[in-house]
Amino acid sequence: MRRFFRYAALAVLAFALAVFLLNTNLLAPKSEALPLVIAHRGLGQTFHREGLTGETCTAERIFPPEHPYLENTIEGFRAAFAAGADIVEFDVHPTTDGHFIVFHDWTLDCRTNGSGVTRQKSLAELKALDIGYGYTADGGETFPFRGHGVGLMPTLDEVLAAFPDHRFLINIKSDDPSEGTALAERIAALPAEQASRIMVYGGGRAIDAFRAARPDATVLGTDGAIRCFIRYALLGWTSYVPEDCRGTLFMLPANFAPFFWGFPNRLTTRLAAYGSTLVMLGDNDGTRYTTGVDDLETLDRLPAHFDGAIWTNRVDRIGPAIGERRDAATISSR
């Protein structure tokens, strides 16, 4: 019996050692890469998340404004790139007359002086709206952006014309395959070099149609995001990358990251082998609403170097900090 327990202990020790060797970063090549910065909706106003639900109008709970920019606008994108964004993320909706409009919400009632479903409007109707109408930081006492957002909802064509040399991550929000096909046709009409800088993500039949129309494009499916997260947590110790984690954005909250198998360097290498990118988020509090990396305290908890990206709603804070790291790396390499 004593011999049995000795062998069992050795087997457990060997197993633990194998898991350690497969996942430790002590033996992995150290990355010298600095993470990319993804500016979520460009530079816009942020809001508090207490009691947040899928029906919450976030424009009615913004923090006191620290800058004049609104999300998903040309000027907000320009400010994001100037602050150090490598990629700007935005959402699109089709209009009734064949255009794509850049706007986050499925309906217009929260942010604008309009109402109804965004995609059920013509371009002229959407251009006439004041997209700063609904923003308030004091429960409706004042509306600091009201009257300043008329005509600022941009079309996809306007964004691509304004930033022909920049990288974008476009979110298809619907399940309509015709929308995926139409977006693929629009991007296919761009110069090849510009089209190569555009990534598209989303779920459902719209993203399937986009992928079918542009099989060589960078298309990131999100239907299996939760399954990916759970399955990698269970199986990642073997170095296996589940199917749901392939060809996608691997979204990882900052407070979960230290406990994930192979984080950061082995994890990013495994994901890259299957066309996926590690994207670091802010902390998750156990709800479905995870923050971005929006403050320097959270940024400082992340590895200084890893092959992935940082998702932020405050590129004005995070972009310059990453820029300082890049400058320091350039100086040290000389």
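A salt bridge is a side-chain nitrogen of Lys or Arg within 4 Å of a carboxyl oxygen of Asp or Glu. The structure described here contains 21 salt bridges. It is a predicted model, in which local features need pLDDT of at least 70 and side-chain atom pairs count only at pLDDT 80 or more, while totals for chains, interfaces and linings use all residues. Residues are numbered from 1 along each chain as its sequence is written, and side-chain values use heavy atoms, with hydrogens and water left out.

Side chains of opposite charge can pair when their charged atoms come close. One such pair is Glu 75 and Arg 78, whose side chains form a salt bridge with 2.5 Å from N to O. Both residues belong to helix H2 (residues 74-83), where they sit 3 residues apart, about one turn of the helix. Helices (H or I, at least four residues) and strands (E, at least two) are DSSP runs, numbered from the N terminus. For exposure, buried means under 20% relative accessible area, exposed over 50%, and partly exposed in between (1.4 Å probe, protein chains only). Glu 75 is partly exposed at 42%, and Arg 78 is partly exposed at 37%.

A second salt bridge joins the side chains of Asp 105 and Arg 111, at 3.0 Å from N to O. Asp 105 is buried, with 10% relative accessibility, and Arg 111 is buried, with 4%. These two residues are also part of a network of salt bridges that links Arg 41, Glu 71, Asp 105 and Arg 111.

A third salt bridge connects Asp 165 with Arg 197, whose closest N and O atoms are 3.7 Å apart. Asp 165 lies in the loop between helix H4 (156-162) and strand E4 (167-172), and Arg 197 in the loop between helix H6 (192-195) and strand E5 (198-202), so the pair ties together parts that are 32 residues apart in sequence. Asp 165 is exposed, at 60% relative accessible area, whereas Arg 197 is buried, at 18%.

The nonpolar interior comes next. A nonpolar core is a set of buried Ala, Val, Leu, Ile, Met, Phe, Trp, Tyr and Cys residues joined through side-chain atoms within 4.5 Å. The largest nonpolar core has 57 residues, of which Phe 90 and Phe 250 touch the most other members. Helix H2 gives the most to this core, with 6 residues. Leaving aside neighbours within four places in sequence, Phe 90 is in contact (heavy atoms within 4.5 Å) with residues including Phe 77, Val 102, Leu 156 and Phe 168. Apart from the largest core lies another core, of 15 residues, among them Cys 57, Ile 131, Phe 145 and Met 153.

Strand E9 (residues 308-312) has 5 of its 5 residues buried, so it is largely enclosed by the rest of the structure. Two strands pair if DSSP finds at least two bridges between them. Strand E1 (residues 36-40) pairs with E9 in the parallel sense over 4 bridges, and Val 37 stands opposite Ile 310 in E9. Strand E8 (residues 277-281) also runs parallel to E9, joined to it by 3 bridges. Met 280 stands opposite Ile 310 in E9.

Finally, helix H1 (residues 2-23) contains Leu 21. Leu 21 is partly exposed, with a relative accessible area of 40%.
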